Structure formats: C-alpha cells, structure tokens
Amino acid sequence: MALQTKHRPGPLARKEAWEGRLYILPWLAGFLIFTIGPMAASIYFSFTKYSVLSGADWLGLDNYTKLFGGDRLFGLTLYNTFYFVILSVPLNLFAAFLVALLLSVQVRGINLYRTLYYLPVITPAVASALTWGMLFSGDFGLVNAVLQALGLPTFNWLFNPKITKLVFVIMGLWGIGGSAIIFLAGLQNVPRVLYEAAGIDGANLWHRFRHITVPMMTPLIFFNLVLGIIGTFQVFTGAYIITAGGPANSTLFYVLYLYNNAFRFFKMGYASALAWVLFVIILVFTVIQLRMARLWVFYEAER
Amino acid sequence: MTQTRAEVPLTITGGRKRSVAGLTMNGLLVRLALYLFLSFVCLILLFPNIWMISTSLKDSPQIFAYPPELIPAPFLWSNYLVAIQKFPFFLYLRNTLIVTGLATFGTVLSASLVAFGFARRRFPEREVLFGVLLSTMMLPSIVTLIPTFVLFTRLGWVNTFLPLTVPAFFGGGAFYIFLLRQFYLTLPYDYDEAAYIDGASSLRVWWEIILPFSKAPLAVITVFTVLSNWNDFMGPLIYMNKPHMRTLALGLQFFRDQRYTQWNYLMAASTLTLIPVLILFFAAQRYFMEGILLTGLSGR
C-alpha cells in the first residue's frame with residue numbers, strides 16, 4: 001500500500017482494471033477464437049473450393065458468381081425463407097404479445113398457467129417436429145380429421161408444395177412461449193403509478209393499453225423483433241426432420257440448403273459463401289431496424 | 001426504487017373495486033370466463049404434447065385409426081419398455097447428461113465471472129468491449145458454423161464431447177452475460193466496499209456476496225442453458241457421427257429412420273426425453289419465473 005501514488009490511476013485503480021480485464025478474459029478469448037477467427041476464415045473459405053479432406057483451392061469470386069448467376073436453388077431457398085420470415089415473425093410477435101397480456105392478469109393459479117404455456121418451448125424440437133408430422137399427416141392426421149368433422153376441405157399438408165410452408169408457420173406458433181415470457185416480464189415492470197395516474201384522468205382500458213402499455217413495451221417488442229428475425233432466418237430443425245426440404249424443394253429453407261452443401265456434399269467453400277450472403281441479409285435487416293427504432297421505440301430516458 | 005416486482009394489475013378483470021350493485025356476481029363471471037379462456041389456450045398449446053403422450057401408449061392399429069382417437073385403448077405402458085430396448089436409451093441419456101452438465105457448468109461459471117467483470121470492476125475498455133459483446137448477440141450463428149467445424153475437425157475433436165462443451169467455458173453466450181450483468185448492476189456496491197475494506201479479494205466478493213444474491217437470475221440462465229443443450233439438434237448432428245456418441249435429441253431422429261416409423265415407440269422415446277427437463281423446469285419454476293421478472297429482461 002505504501003507504494004508511490006501516481007496522479008490518475010492509483011495502484012488500487014490499476015489493480016481493479018487488471019482484475020476487470022482478467023474477469024472478462026474468457027469471453028474475450030472466446031470472442032476471438034469462436035467469433036472473429038471463424039468469421040475471417042469464413043470469408044476466406046467463401047473464395048475457395050474447400051472440403052475438409054482436401055486443402056482450399058483459391059477460386060476468386062466463382063462461388064459468388066455461381067450463387068447469383070446459375071444456382072436456381074439459391075433463389076428458391078431465399079424465396080422460401082423470406083416467405084417464412086415475413087409470415088412467421090409478425091404473427092409470432094403478435095400472438096406472443098396477446099398471450100403475455102393474458103398471462104399478466106392477477107388471478108390465483110396464474111403461475112401454473114405461465115408454466116404450462118411455456119412447456120412447448122422446452123419440448124425437444126425433434127420430438128415436437130415428429131409429433132407435428134403425425135398431426136398433419138394426410139391419411140391418418142388429426143388436423144384433417146378435425147377439418148373433415150367440421151365439413152371443411154382437407155389437404156395433403158406435407159405433400160402439397162403450395163401449403164407446406166404454411167404448416168411450418170402454424171407449427172412456429174407453438175414456440176411463442178419464449179417471447180411471451182419476455183413480454184410478460186416487461187408488462188410486470190410497467191410502473192403501476194402510470195396506470196393509476198391515467199385512471200384518475202379517466203382513461204379507459206383501451207386508452208391505458210394504447211398510451212401506456214404499448215409505448216412502455218416498445219423496447220421489448222423491438223428486442224423480440226430483432227432477435228426473432230435473426231432466429232427465423234435460420235430456421236432448420238423442423239424442415240430437416242419433417243420434410244427434409246421437400247416436396248419439390250418447397251421447404252428447402254436457407255440454412256437447410258447451406259447445411260446440405262456443407263455437410264452432405266462437403267462443399268464448404270460454397271456453403272461459406274452462402275453463410276456470408278445470409279449474414280449480409282440479416283445485417284441489412286438489423287441495421288434497418290436499428291434505424292427505424294428511433295421512430296417508434298420509446299425509451300424512458302426520453303421522457 | 002424497487003419497482004421491479006410491482007404487481008401490475010393489467011385490469012383485464014377490470015373494475016373489481018367499483019361499488020356497483022351486483023358486483024360479486026359480475027366479478028365471479030368475469031373470473032370464470034377468464035379461467036375458461038386461459039384453460040382453452042393452454043389446451044391448444046399443450047395439445048401436441050398431449051398427443052405425443054397419447055400416441056406413446058397406443059397399439060399400432062389404433063395409431064392409424066381414422067378418425068384418430070385421443071384415449072389409448074388399451075393403455076400399453078409396455079411401449080416404454082420396448083422403446084428403451086429399440087435404441088440405446090441409457091447410453092444416449094448418459095451422453096446427453098455429460099454434454100448438458102458440462103456445458104451448463106461452464107456457462108453459469110464463466111458467464112457469471114465475465115458479468116462480474118463488466119458490472120463490478122472498472123477499466124478503461126469496459127464500455128467499448130461491452131458494446132462489442134452486445135453486438136455479438138445480433139450475429140447469426142450460422143456464419144461461424146463452418147470454420148468452427150473445420151477447427152474442431154483439425155483438432156480431432158469430432159466424436160468427442162469437446163465441441164459441445166468447451167465453448168461454454170468462454171463466457172457461455174452474450175445473452176447470459178448481458179442478463180447477469182444487468183442484474184449485478186442493481187445490487188448495492190456498499191457490500192463489496194465493506195468486504196474490500198476488510199481485505200477481501202474480488203474473487204471472494206464474487207463468491208460470497210454477488211453469487212448468493214443472484215440465485216434467481218442464475219436459476220434462469222441454468223434453466224435456459226440446460227434446455228438449449230438438452231434439446232440441441234444441430235450441434236450433435238454435426239459433431240457426433242458415431243452412433244455411440246449421439247445424444248437423446250439426435251438419437252430420436254435416427255430412431256425414426258429404421259425402415260418404417262413405429263410411432264408409438266418413437267413417441268414413448270420422445271416423452272422419455274422430455275421428462276427430465278420437465279422435472280427440472282417444474283422444480284425450478286418458482287425461481288425461474290421470479291428470475292425472469294427480476295432480471296434486466298425489461299430490455300434496457
């Protein structure tokens with residue numbers, strides 16, 4: 001302790017700083033090894049012909065010209081994925097918000113409901129995908145049985161390329177528990193005084209919802225929207241298990257196509273180019289959203 | 001201000017306090033309708049799980065009965081015994097427990113240390129690095145998939161538990177670090193201060209002050225990590241080519257591939273895969289819900 005005390009960062013502060021760096025070191029090392037390094041390698045691979053067995057042969061822009069020039073499947077997977085994202089993300093967000101509102105009521109036993117609503121999220125994706133495969137089966141599936149009982153038309157859900165993507169959109173709705181619980185946390189954190197003040201001013205239920213709940217929730221809506229889009233662009237497991245991309249490639253989503261290229265055909269270079277293109281697409285979406293956020297996301301500090 | 005746990009009556013049940021005649025009757029009806037609605041939505045959301053369990057108890061003819069029947073007749077509990085003999089259930093369970101256990105330990109340990117560094121220690125680069133950390137949350141994991149696979153292949157790690165467990169010890173994921181850091185920031189610094197004056201090391205402060213206060217958020221990330229590892233499909237799919245290294249989530253998929261699908265056994269195996277996490281989830285339920293409501297999940 002009796003060491004000379006320098007002007008600004010005293011020995012204690014310096015010790016604290018070094019400790020701080022030490023504590024975050026695992027993350028920083030992981031960031032370099034598992035994020036930055038692979039990203040750089042991924043760019044490099046995307047300009048090569050590369051299978052894990054052989055070395056990388058430099059191809060220049062060939063992978064990219066093939067992607068944008070000759071690969072019919074690339075365009076199709078983009079179409080499939082955008083189709084899915086555009087339908088699924090808003091629908092899930094909306095449904096999750098409604099479910100969160102429902103779960104935010106204060107009645108006895110509500111915690112049991114909160115837990116039960118979350119159960120589909122903890123079910124292994126493989127198990128639920130297989131179950132959905134059964135439910136939507138054309139010949140013995142329950143969905144068709146119900147439609148028939150109601151006198152509605154039935155479909156060969158998993159074999160009609162026109163509707164297979166819709167099946168995945170419907171299935172996706174069962175995963176809303178995850179976002180719903182985040183919304184629920186937000187709803188619980190809306191300061192009660194705001195509602196009370198509004199109540200005194202004579203605001204009705206709708207007004208309170210519209211002018212207090214929704215604005216206070218916009219940061220979380222934004223959070224769920226951004227992460228929802230990133231996650232939904234990478235849809236994989238369900239399509240891999242239920243339809244394996246078929247029929248007629250109608251459920252060949254982007255990451256499934258990427259997976260096939262990398263791990264079935266061992267075209268690692270081409271798959272890396274695919275990965276980078278998806279990364280750029282997602283980045284563009286994210287940046288647009290960050291920009292747009294200023295227009296509609298409400299931060300308390302701005303009050 | 002400890003506003004965090006304020007009970008917000010999202011007055012859907014509205015007007016409970018209004019002193020209008022016939023209030024009790026009205027309130028009762030509203031409440032009843034609410035319970036009915038809650039249960040109805042619950043039933044819809046749980047339906048696939050219910051169907052999964054129902055199928056797991058049926059005999060083969062009943063599975064293909066049309067129109068389908070919900071209640072198994074007879075209840076074939078023996079399907080479960082057959083299922084665990086049809087695929088190496090206990091081996092896969094062991095593999096899953098090893099992966100999940102190690103990855104969860106690594107995540108909780110390293111995320112809480114890193115979060116401690118970001119929340120409780122000051123250093124010049126802190127804000128910049130935390131910004132970097134936040135931005136990695138928006139990075140699609142698919143970009144790093146292939147080079148990481150190449151790296152692990154070169155290291156000879158394929159068909160070992162290492163690719164699925166070692167990365168967890170490097171901070172365990174930006175989201176968890178973020179959650180814990182937000183929570184640590186809400187703890188008063190006075191406790192740390194007092195401990196440091198008594199000559200405690202920062203590691204002791206972390207262990208004896210911060211951790212004991214953080215049971216709820218730690219429970220949250222534990223549950224999240226267990227779930228994501230237990231149910232992970234793509235990781236084992238890529239790194240576990242040898243049948244004896246498969247996890248349960250992956251094993252289920254190969255169960256199906258055996259010639260034609262034996263739905264009842266498959267669903268019995270699926271149910272068995274779900275049960276351990278179900279038990280954990282119910283056991284941690286109180287902490288979990290509380291923790292989620294407490295942590296910085298309010299997104300600031």
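In the predicted model, helix H12 of chain A is followed by A:Phe266, whose phi is positive, near 55 degrees. A:Phe266 is not a glycine, and its place is in the loop between H12 and H13 of chain A. Most residues other than glycine have a negative phi, and most peptide bonds are trans. With 15 other C-beta atoms within 10 Å, A:Phe266 is partly exposed.

Helix H12 of chain A itself comprises residues 254-264, of which 8 of the 11 are buried, so H12(A) is largely enclosed by the rest of the structure. The buried residues are A:Tyr254, A:Val255, A:Leu256, A:Tyr257, A:Leu258, A:Tyr259, A:Asn261 and A:Ala262. Their packing partners in chain A are helix H3 (72-103), helix H10 (205-233), helix H11 (237-242) and helix H13 (268-296), and H6 of chain B also takes part. The surroundings of H12(A) thus include elements of both chains.

The loop between H11 and H12 of chain A holds two further backbone features. One concerns A:Pro247, which lies in this loop: the peptide bond from A:Gly246 to A:Pro247 is cis, with omega near -10 degrees. The other concerns A:Asn249, also located in the loop between H11 and H12, where phi is near 60 degrees, a positive value in a residue other than glycine. A:Asn249 counts as partly exposed, with 17 C-beta neighbours inside 10 Å. A cis peptide bond is also found in chain B, from B:Ala73 to B:Pro74, with omega near 0 degrees. B:Pro74 is placed in the loop between helix H2 (60-63) and helix H3 (78-86) of chain B.

At the level of the whole chain, the secondary structure of chain A comes to 13 helices and 2 strands. The radius of gyration of chain A is 25 Å, well over the 19 Å that the globule rule gives for 303 residues, so chain A is more spread out than a compact globule. The C-alpha trace of chain A spans about 75 × 60 × 35 Å along its principal axes. Of the 303 residues in chain A, 39% are buried. Among the contacts in chain A with a separation of 6 or more, 67% are between residues 24 or more positions apart.

Annotations from UniProt can be set against this geometry. An unreviewed entry assigns "domain: ABC transmembrane type-1" to residues 78-289 of chain A. In the model, this span is 74% helix and 0% strand, with its end C-alpha atoms 20 Å apart. For chain A, the unreviewed entry also lists residues 21-45, 82-103, 115-135, 141-159, 166-187, 212-233, 240-259 and 265-288 under "transmembrane region". Two of these listed spans are residues 115-135 and residues 240-259. Residues 115-135 of chain A are 90% helix and 0% strand, and their end C-alpha atoms lie 24 Å apart. For residues 240-259 of chain A, the helix content is 45% and the strand content 0%, with 10 Å between the end C-alpha atoms.

For chain B, UniProt lists residues 32-51, 63-84, 96-116, 128-152, 164-184, 205-227 and 263-284 as "transmembrane region", again from an unreviewed entry. Residues 96-116 of chain B are 100% helix and 0% strand, and the end C-alpha atoms of this span are 29 Å apart. Residues 164-184 of chain B are 62% helix and 0% strand, with the end C-alpha atoms 28 Å apart.

Within chain B, the axes of H4(B) and helix H11 (residues 215-230) come within 9 Å and cross at roughly 145 degrees. This crossing of H4(B) and H11(B) is right-handed. On the H4(B) side, the contact is made by B:Thr96, B:Val99, B:Thr100, B:Ala103, B:Thr104, B:Thr107, B:Val108, B:Ala111 and B:Ser112, while H11(B) contributes B:Leu218, B:Ile221, B:Thr222, B:Thr225, B:Val226, B:Asn229 and B:Trp230. By class, the contact has 8 nonpolar, 8 polar and no charged residues. An α-helix has 3.6 residues a turn, so residues three or four places apart point the same way.

Between the chains, 85 residues of chain B are in contact with 84 residues of chain A. On the chain B side, two or more residues each come from helix H1 (23-56), helix H4 (89-120), helix H5 (126-136), helix H6 (142-154), helix H12 (234-239), helix H13 (248-257) and helix H14 (263-294). H14(B) gives the most to this side, with 13 residues. By class, the side of chain B that touches chain A has 56 nonpolar, 22 polar and 7 charged residues.

Notes
Residues are numbered from 1 along each chain as its sequence is written. Chains are lettered from A and ligands numbered from 1 in the order in which they are written. This is a predicted model: local features need pLDDT of at least 70, side-chain atom pairs count only at pLDDT 80 or more; totals for chains, interfaces and linings use all residues. Two residues are in contact if their C-beta atoms, placed from the backbone, lie within 7 Å. Helices (H or I, at least four residues) and strands (E, at least two) are DSSP runs, numbered from the N terminus. Ala, Val, Leu, Ile, Met, Phe, Trp, Tyr, Cys and Pro count as nonpolar, Asp, Glu, Lys and Arg as charged, and the others, Gly among them, as polar. UniProt positions are given in the numbering used here, feature names are shortened, and annotations may be inferred rather than shown by experiment. Axes are lines fitted to C-alpha atoms, for helices over the stretch in contact, and angles run from 0 to 180 degrees between N-to-C directions. A crossing is left-handed if the near helix is turned anticlockwise from the far one by less than a right angle, and right-handed if clockwise. The radius of gyration is taken over C-alpha atoms; the globule rule is 2.2 Å times the number of residues to the power 0.38. A residue is buried if 20 or more other C-beta atoms lie within 10 Å of its own, exposed if 12 or fewer, and partly exposed in between; C-beta atoms are placed from the backbone.
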